Amino acid sequence: MDWFAKHLLAWFQQHGRKDLPWQANINPYRVWVSEIMLQQTQVATVIGYYQRFMQRFPDVPSLAQAEIDEVLHLWTGLGYYARGRNLHKSAQIILAEHNGQLPRDQQQLEALPGIGRSTAGAIRAISMDQRGVILDGNVKRVLARFHAVEGHYSQAAVSKALWQLAEKHTPDQSVAAYTQGIMDLGATVCLRSRANCQVCPLRKRCLALATDRVAELPTKKKSAPKPVRQARFFIVSLPDQQILLEQRPQSGIWGGLWNPPERPTQTSTESFFQSQGIHVNDVLQQRDGPPFRHTFSHFHLDIQPTYISLKRRPNMLQEGEQRWVSLTRLRDSDEAIGLSAAALRLLKEH
């Protein structure tokens with residue numbers, strides 16, 4: 001065991017987090033779900049979602065046999081919804097092809113939707129007592145600073161170098177503790193900004209600290225301005241608090257989620273009424289709400305809400321893609337469908 005791993009393990013035993021929900025009753029399924037939820041999401045945000053998800057889907061069969069709407073319902077607000085869809089797809093594959101047990105082989109794990117090299121390594125290391133190697137965002141930051149690795153992670157040479165370092169430092173023994181430890185160190189000490197170097201167990205040999213480059217490393221990616229798109233959302237309601245929702249295609253942005261009807265920003269209310277079979281005489285109230293911006297990883301979406309109250313339900317409905325849903329049931333989480341963050345905001349302001 002090298003100096004890096006030895007000192008990290010000693011630190012983890014004394015200071016590491018050991019009471020997180022996924023650290024109890026450890027098994028491959030529980031670790032897998034937690035690793036997927038923690039991708040690009042803070043621990044504090046994940047805890048509640050994880051507990052509710054595990055209560056409803058405690059194992060592979062319960063997840064595999066569920067409807068995707070119910071899975072996405074429990075994912076609502078967590079973001080990056082492809083993660084939830086991939087969990088569901090993978091559970092079905094695991095049930096059909098692996099007797100309901102996550103495979104122990106690295107390549108077989110990586111073959112499942114949504115599981116990459118690092119996630120597979122974490123599952124093997126934490127729950128299967130195998131030597132799995134990980135390289136998530138926290139680990140990249142720790143290694144980039146400790147070894148003063150220059151260049152952004154997106155560069156192939158930098159990624160290769162970091163994987164080599166991750167392989168080098170991962171021990172053959174106590175690999176589960178080591179894996180938890182290096183993730184914890186990045187999450188609680190070796191922070192992106194305001195790193196707490198004085199309590200870091202690796203500070204004596206950290207090249208970034210020795211050369212006063214902690215703030216410079218890891219190298220930041222030069223990002224271009226995000227493009228801006230526009231859309232109009234029609235929030236149509238009935239006197240009994242029924243709301244018209246549309247389901248997005250399974251692939252792409254908000255895949256499989258339900259939104260109020262989204263149309264190009266230039267769409268007039270008259271053309272929308274015509275497309276939905278709404279008669280002007282049935283309109284009780286119509287108003288534009290305040291516009292707001294919803295930001296995705298690759299673009300901004302400027303949303304213009306239009307709120308419409310109707311006297312009665314129109315006859316035209318695109319079966320399978322549209323449905324009337326009780327706003328009360330949505331707010332009470334009794335309706336098991338997935339909603340986008342934008343939909344949650346639009347309905348909250350209704």
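The following questions and answers concern a predicted model of one protein chain.

Visitor: How many helices and strands does the protein chain have?
Guide: The C-alpha trace of this predicted chain spans about 75 × 45 × 35 Å along its principal axes. Its secondary structure comes to 15 helices and 8 strands.

Visitor: What percentage of the residues of the protein chain count as buried?
Guide: The chain exposes about 17600 Å², with carbon and sulfur atoms supplying 48% of that area. Residues 24 or more positions apart account for 67% of the contacts with a separation of 6 or more. Of the 350 residues, the share that counts as buried is 51%.

Visitor: How far apart do the centres of the positive and negative side chains lie?
Guide: The two sets hold 42 positive and 31 negative side chains. Their centres lie apart by 8 Å.

Visitor: Which helix supplies the largest share of the largest nonpolar core?
Guide: The largest nonpolar core has 96 residues, and those with the most contacts inside it are Phe4, Tyr29, Trp32, Met37, Phe53 and Leu102. The largest share of this core, 7 residues, comes from residues 3–15, that is, helix H1.

Visitor: Which residues does Phe53 touch, not counting those up to four places away in sequence?
Guide: Phe53 belongs to the group with the most contacts inside the largest nonpolar core. Leaving out residues up to four places away in sequence, Phe53 touches Tyr29, Val33, Met37, Leu63, Val71, Leu74, Trp75 and Leu87.

Visitor: How many residues does the other core have, the one that lies apart from the largest?
Guide: Among the members of this other core are Val236, Phe272, Phe273 and Ile278. Its count of residues is 11.

Visitor: Why is helix H8 described as largely enclosed, and which helices are included in its cover?
Guide: H8 runs over residues 117–127, and 10 of its 11 residues are buried, so the rest of the structure largely encloses it. The buried residues include Arg124 as well as Ala120, Ile123 and Ile126. What covers the buried residues of H8 includes helices H2, H7, H10 and H11.

Visitor: Which residue with a positive phi follows H8?
Guide: Most residues other than glycine have a negative phi. The residue that follows H8 has a phi near 55°, and it is Asp129.

Visitor: Why is helix H9 described as largely enclosed, and what is included in its cover?
Guide: In H9, residues 137–146, 7 of the 10 residues are buried, so the helix is largely enclosed by the rest of the structure. Arg141 and Arg145 are among those buried residues, as are Val142 and Phe146. The cover of the buried residues of H9 includes H1, H10, H11 and H12.

Visitor: Which side chain reaches a backbone nitrogen at the start of H9?
Guide: The backbone nitrogen belongs to Asn138, and a side-chain oxygen comes to within 3.2 Å of it. H9 is followed by Ala148, whose phi is positive, near 50°. The side chain at the start of H9 is that of Asp136.

Visitor: What is the omega of the peptide bond from Leu217 to Pro218?
Guide: Most peptide bonds are trans. The bond from Leu217 to Pro218 is cis. Pro218 has its place in the loop between H12 and strand S1. The omega of this bond is near -5°.

Visitor: Is Ser174 buried, partly exposed or exposed?
Guide: Ser174 is found in the loop between H10 and H11, and has a positive phi of about 55° although it is not a glycine. The relative accessible area of Ser174 is 45%, which lies between the 20% and 50% cut-offs. Ser174 is therefore partly exposed.

Visitor: Is Asp212 buried or exposed?
Guide: Asp212 lies in the loop between H12 and S1, and its phi is positive, near 55°. Its relative accessibility is 68%, and the cut-off is over 50%. Asp212 therefore counts as exposed.

Visitor: Which side chain does the side chain of Ser340 join through a polar contact?
Guide: Ser340 lies in the loop between H14 and H15 and is buried, with a relative accessible area of 0%. Its side chain also reaches the backbone nitrogen of Ala343 at 3.0 Å. Residues that Ser340 touches include Tyr81, Trp254 and Trp258. The polar contact between side chains, at 2.5 Å, is with Asn259.

Methods. Residues are numbered from 1 along each chain as its sequence is written. This is a predicted model: local features need pLDDT of at least 70, side-chain atom pairs count only at pLDDT 80 or more; totals for chains, interfaces and linings use all residues. Side-chain values use heavy atoms; hydrogens and water are left out. Helices (H or I, at least four residues) and strands (E, at least two) are DSSP runs, numbered from the N terminus. Buried means under 20% relative accessible area, exposed over 50%, partly exposed in between (1.4 Å probe, protein chains only). Contact means heavy atoms within 4.5 Å. Accessible areas come from the Shrake-Rupley method with a 1.4 Å probe; for residues, only the protein chains shown count as cover. Lys and Arg count as positive and Asp and Glu as negative; His and the chain ends are not counted. The place of a charge is taken as NZ of Lys, CZ of Arg, CG of Asp or CD of Glu. A nonpolar core is a set of buried Ala, Val, Leu, Ile, Met, Phe, Trp, Tyr and Cys residues joined through side-chain atoms within 4.5 Å. A polar contact is a pair of N or O atoms within 3.5 Å; within protein, one must be able to donate a hydrogen and the other to accept it, and residues adjacent in sequence count only if both atoms are side-chain atoms.
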